[in-house]
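Okay, thanks for coming, everyone. I'd like to walk you through a structure that is probably new to most of you, so have a look at it first.

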Amino acid sequence: MMNFKRFFILLAAALVLVTGCKRGIEIKTIEINQGWQFRQKGKEKWFKAIVPGCVHTDLMANGLLEDPFYRDNEKKAQWVEEEDWEYLTRFTVDKKLLKKENIEIVLYGLDTYAQVYLNDSPLLEADNMFREWRAEVKPLLKLGENTLRIHFRSPVKKVQPRWEQLGYELPEGPQVMTRKAPYHYGWDWGPRLVTCGTWRPVVLKAWNRARIQSLQIVQQALEPGNARLTAELEIEANASAVGQTAKISILEQDKTLAHTTLQLKPGTNRVALEFEIKNPRLWWTNGLGEPHLYHLKARLKLGSRLLDEVSQAIGLRTVELVTEKDEKGESFYFKLNGVPLFIKGANYIPQDSFVTRVTDAQYKKLIPDARDANMNMLRVWGGGIYENDIFYDLCDQAGILVWQDFMFACGMYPGNDDFLKNVRQEAVDNVKRLRHHACIALWCGNNEVSEAWHNWGWQERFSSQQQEQIWSDYQKLFHDILPQVVKEYDNGRFYWPSSPRYGRGNERSQYEGDSHYWGVWHDGEPFDVFKKKIPRFMSEFGFQSFPRMETIERFTRIGDHDIDSEVMKVHQKHPRGLELIKTYMARDYPVPIKLEHFLYISRLLQAEGMRTGIEAHRRAKPYCMGTLYWQMNDCWPAVSWSGIDYYGNWKALHYFVGKAYEDVLVSPVEEDGKLKVYIVSDKLQSLEGLLVMKLMDFSGKTLWEQAEVCRIDANSSRSCFEIEVKELLEGKDRGSVVFSAEFRQSEKIIAANLYYFVSPKELRLLEPDIKINIISGDEEWEGVTKGGFEISSDTLVKNVYLSIYDIDRPRPLMHFSDNYFDLLPGETRVICFSSDRLVKNFGMKLGMVSLRDVSQTVSR
């Protein structure tokens, strides 16, 4: 969403316009966001609408559509995509505005096929959800009331004639010809809800003489004592400014860094100002240092009149993608400020099927959730949207890099001139909008398009001539147009044509480029395969799980509470999803009958599997230099690969990831009959400490212990200790012992981990005596309950899952500082908690489940 400083002006009895005008600046911005109505094309009755918004949310708000997320209502919403829709508002223009020399309308996002009319005069036609649409409107505006009308065509019907003229059927169907969020058409984790509407703000911009069209701060050189930069501006001037001398200044706060004068000419005036920042503070990723931002302004003046001002927050850093041939293949890693950076993160999808429902508060929760899990990168996946500005602002502030896909995924695309011209402008709009963000690390052409063409059997559908044409169109789009746009408008950043470089069917995917490995899950391979199939950079891998019961209660009735119910199947979009979860579960865990226990075990299964992969990737550093699991979040409440569900609840995966992504990791693993203890450090300084190891039984009795001094080089991984497993166990029951490893410095535990010698279902867990001491609770701040408690046990408690049992439905959404954890005998943990609403008598409502509780209810 565009951010505007807002105040309200009453312009008419039924209309309020939001006007943004910084004090003293002559350019005026008015957001048209009030008084909107909509109707189905061909119907008479109008209904209230919200802009920005979409037709589905407007229909729901007016009681014309049941919530598609509830139960199996998704199928009841399919008629919406077949219809055309009209939106209309009326707004008042006064004499002061009309006196401005230039007035344009900017529609920052139209989804997707739209005809726009102002006072019944055709204004523009849109055909791309991802573009900004502008038109000069001063000749069409009139004093007093004006009418803005937008006619949205059915996206599935509009494209059909062009699809039929193509002569062959491109993989993934007609939707590939429409420049719209691909996930709206459904995915194996999301519903089919093909929206339309004005999804980003509509504004009027009025100005005299000249304005700043664009600002780009180009980093020319970055040295320890000095940063050399160039501010490149495009100044648009009209005829009244010809011959006048404009002053352009670059400022940090109130300090002028550079200024110049320019004789204006009609049209676009380009100017470059060179300046320096002494002793620059660098922008670093989460975990490595402060993500410092410089807040700069560009000002445009004519004499004493301030015509325009543009602000940008920039970070001074260098980011390189290093792809160099070596003895094992070809490297793939990022360098930040000259330092090789191990990437720790996840794939990100839109937070809602209806993107206009995502609030700033949701962004302000999700990005810190990534930061708190020690992530340093999110991949904005190519089947979603180019995210709103706030997403990138928050990543800048949190020190989280962004791998930015262009919005192409899992389909082949046409190559006609109109389509390519449309896509080029889409790329220009978004590259120019996002290029100032320090977080942007890479532009990637698409998700899995090249892999699909070469490995998914698509070529077999076409004649040799058609294959040649389709691949030629691919080359034009992803090897010509998109890299050319990046080079022209954001030349300092790397462009990568397709993720992954090769599919998993190609052996080279393990030695070159980035990899998506789905042998685990799709092919049913065991989790231990992650220890062998280690690529140079893992940009996708994942496993499904069910969300918490509190989430399921929000989209079901009690009668739906069965994993095989029709409603649950609607919210499981993978055709073999439940089957695969059960298959993997039976290998390593008890398979519960009780629904809540099944959900709990599914989340443990997912978390343990992903941790196996993540730790293997990190141990393999520097051969492997990154791991991005699929996926961080959900767009609706569902069974999916997410670590955080639709309502923001952390699954076991997100808790496990936070520990697996810590700056220093202790990682025990069995290799060739030996137990090896690796220490992985992402710190930029070497570490020396004591590796303290114990073998204990589940009652806490120490059976073996040893300590070793260990030195870890900066930014490295190494095995610090190894022992034959037979020697370590000495005949002890593998299912009754646990290995503990801690890396300490001056008695402070820097990193710790546990290792079990058998699968969870083979553990011989003891009945624990768990004690809980409420430190604080029932305390309310701004409607939220916060508090803390201590938990301890006399024996090992495996995978403690904390929740709230409340008779009120839906249950409150609780967040615990740690969850799904192993509690060692004699250990006391302090757990903090918060809730989305007041929970009285918290101590009486605290629920707890552990692996033993589930194991006792399932026959082995």
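Let's start with the residues that line the second largest cavity: they split into 7 nonpolar, 3 polar and 3 charged. Before I go on, please keep in mind that this is a predicted model. That cavity holds about 80 Å³ of space. Its lining has 13 residues, and the ones closest to the centre are Q175, V176, P182, A409 and Y413. And how many cavities of 30 Å³ or more are there? The count comes to 5.

Now from a closed space to an open one. The second largest pocket has a volume of about 840 Å³. There are 36 residues along its lining, and if you look for the ones closest to the centre, you'll find A752, N753, L754, D822 and R829. Several elements give two or more residues to this lining: helix 14, helix 15, and strands 37, 39, 42, 43, 46 and 48. Which of them gives the largest share? That's strand 43, with 7 residues. As for the chemistry, the pocket lining divides into 18 nonpolar, 5 polar and 13 charged residues.

Helix 15 just came up, so let's stay with it for a moment. It runs over residues 652–660, and 8 of its 9 residues are buried, so the helix is mostly covered. The buried ones are A652, L653, H654, Y655, F656, V657, G658 and A660. What sits over them? The cover includes helix 5, helix 14, and strands 36, 37, 46 and 47.

One of those helix 15 residues, Y655, leads us into the core, as it's in contact with F816. Leaving aside neighbours within four places in sequence, F816 also touches F789, L802, S803, I831, C832, F833, F842 and L846. F816 belongs to the largest nonpolar core, which has 192 residues. It's among the residues with the most contacts inside that core, together with L110, L378, F391, F406, F546, Y629. Helix 14, residues 595–619, provides the largest share of this core, 10 residues. There's also a second, separate core of 30 residues, and A231, A237, I250 and L307 are among its members.

Okay, on to the strands. My pick here is strand 16, residues 202–207. Why do I call it largely enclosed by the rest of the structure? Because 6 of its 6 residues are buried. You can check this face by face: V202, L204 and A206 are buried on one side, and V203, K205 and W207 are buried on the other.

Strand 16 also has partners. Strand 3, residues 28–31, pairs with it in the antiparallel sense over 4 bridges, and there E31 has V203 as its bridge partner. Strand 7, residues 102–107, is antiparallel to strand 16 as well, this time over 6 bridges. In that pairing E104 stands opposite K205.

Last stop: strands 17 and 18. They cover residues 210–223 and 226–237, and they pair in the antiparallel sense over 12 bridges. A hairpin through 2 residues joins the one to the other. If you want a spot to find on screen, look for Q219, which stands opposite L229 in strand 18.

That's my tour, so over to you for questions.

Terms used
Residues are numbered from 1 along each chain as its sequence is written. This is a predicted model: local features need pLDDT of at least 70, side-chain atom pairs count only at pLDDT 80 or more; totals for chains, interfaces and linings use all residues. Side-chain values use heavy atoms; hydrogens and water are left out. Two strands pair if DSSP finds at least two bridges between them. Buried means under 20% relative accessible area, exposed over 50%, partly exposed in between (1.4 Å probe, protein chains only). On a 1 Å grid over the protein atoms alone, a cavity is a set of points where a 1.4 Å probe fits but cannot get out, and a pocket is an open set with protein on both sides within 12 Å along at least five of seven lines; lining residues have an atom within 4 Å of a point. Grid points are joined across faces, edges and corners, and a volume is the space filled by probe spheres set on the points. Ala, Val, Leu, Ile, Met, Phe, Trp, Tyr, Cys and Pro count as nonpolar, Asp, Glu, Lys and Arg as charged, and the others, Gly among them, as polar. A nonpolar core is a set of buried Ala, Val, Leu, Ile, Met, Phe, Trp, Tyr and Cys residues joined through side-chain atoms within 4.5 Å. Contact means heavy atoms within 4.5 Å.
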